[in-house]
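Hi everyone, thanks for coming. Please have a look at the model on the screen, and then I'll walk you through it.

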2 protein chains.
Amino acid sequence: MGATKTEHFTDKQNEIATIAKALGHPARVAIIEYLLKVDACICGDIVNELPLAQPTVSQHLKELKSAGLIKGEIEGNAICYCIDEKNIYKILNYFMSVSNKLNKKKKNCC
Amino acid sequence: MGATKTEHFTDKQNEIATIAKALGHPARVAIIEYLLKVDACICGDIVNELPLAQPTVSQHLKELKSAGLIKGEIEGNAICYCIDEKNIYKILNYFMSVSNKLNKKKKNCC
DNA sequence: ATTATTTATCGTAATATTGCAATATAAAAA
DNA sequence: TTTTTATATTGCAATATTACGATAAATAAT
C-alpha cells in the first residue's frame with residue numbers, strides 16, 4: 001500500500017497528473033518563472049535564485065526535466081536549461097478544455 | 001529537513017503549486033473529469049467511478065476541496081460536490097500567461 | 001598537472017502522501 | 001426505534017518527496 005495506482009487510470013489522466021505534480025512545488029514554479037523571465041537559455045545561476053542548496057535545486061531540475069517541462073543541454077562545464085514548450089502547451093490545452101466544458105454547463109448548483 | 005520551505009517563496013508561487021499539486025494525482029484528475037462530464041452537481045457515486053476504496057476517495061475529495069478546486073454541500077445524507085470554478089480559472093490564467101511569455105521569447109536556443 | 005568551477009549523485013533523516021480496514025457520524029428509510 | 005445508506009475520520013503500513021552534507025565527475029582556468 002502507499003503507491004499510486006497508476007495502472008487504473010487512463011494515459012491522459014496520468015499524463016496530466018505527472019505534469020501537474022511537477023509544478024506542485026513552489027521551487028519548481030519559481031524555476032519555470034525564472035527561465036521565462038531571463039528570455040534565454042541560462043547556464044547556471046538558477047541555484048543563486050533559489051533559497052535552496054545546490055543538490056536540492058539539481059533534484060528539482062531533474063524532476064522538471066523528467067516531466068518534460070524543461071530541457072537541458074551541456075554547454076562547456078555548465079548546463080543550459082530552458083523551457084520545453086510542448087508539455088507547457090499540453091497542460092494549457094487541458095485547462096482550456098476544462099474551461100470550455102465549464103462554460104457549457106447549464107446548472108450552477110453549488 | 002524534508003518539509004517544503006514554503007515561506008521562502010512568493011504567495012503566488014505557493015498558490016500555483018498548491019493548485020497544481022492537488023491535480024498531481026490521476027485519481028484527482030479523474031474526479032474533476034467526472035464532475036465536468038455529469039454536467040451537474042452529483043451526490044455520491046464518485047466512489048463507484050474510481051478504482052479506489054471509499055476512504056481513499058474521500059481523502060482525495062478533501063484535498064481537492066482544501067485546494068479550492070471543488071466545493072461540497074450537504075444534501076440530505078449525501079454530499080453534493082461540484083467544481084469550484086474560481087481556482088480552475090486561476091490556474092488557467094497562469095498557464096495562459098506562461099504561454100504569452102513563451103510567445104514573446106525571441107531566442108529558441110535548446 | 002593542479003586547482004577552481006559547475007553540476008550530478010549518494011546517503012540519509014525528516015516529512016508527506018497513498019491506500020485501506022475499521023469505525024464513527026448523521027440523515028433517510030423501514 | 002432500528003436499520004440502511006452515504007460520507008468522514010482514525011490508525012497504520014507502504015511508499016514517495018524534500019532537503020542537504022559529502023562526494024563524484026567533468027570541463028575550464030591557471
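I'll start with the conventions, then take the chain contact, one helix and the DNA.

This is a predicted model, where local features need pLDDT of at least 70, side-chain atom pairs count only at pLDDT 80 or more, and totals for chains, interfaces and linings use all residues. Residues are numbered from 1 along each chain as its sequence is written, while chains are lettered from A and ligands numbered from 1 in the order in which they are written.

So, the chain contact. Chain A and chain B each put in 45 residues, counting pairs whose C-beta atoms, placed from the backbone, lie within 7 Å. On the chain A side, H5(A) gives the most, with 11 residues; helices and strands here are DSSP runs (H or I, at least four residues; E, at least two), numbered from the N terminus.

Let's stay with that helix. Which residues of H5(A) are buried? They are Ile88(A), Ile91(A), Phe95(A) and Val98(A), where buried means 20 or more other C-beta atoms within 10 Å of the residue's own, exposed 12 or fewer, and partly exposed in between, with C-beta atoms placed from the backbone. Their cover includes H1 and S3 of chain A, plus H2 and H5 of chain B. The face turned away carries exposed residues, among them Lys86(A), Asn93(A) and Lys104(A).

Finally, the DNA. Strand D is surrounded by 27 residues, each with its backbone-placed C-beta atom within 6 Å of the strand. Gly2 and Pro55 of both chains are among the closest, along with Gly44(B). H4(B) provides the largest share, five residues.

Terms used: Two residues are in contact if their C-beta atoms, placed from the backbone, lie within 7 Å.
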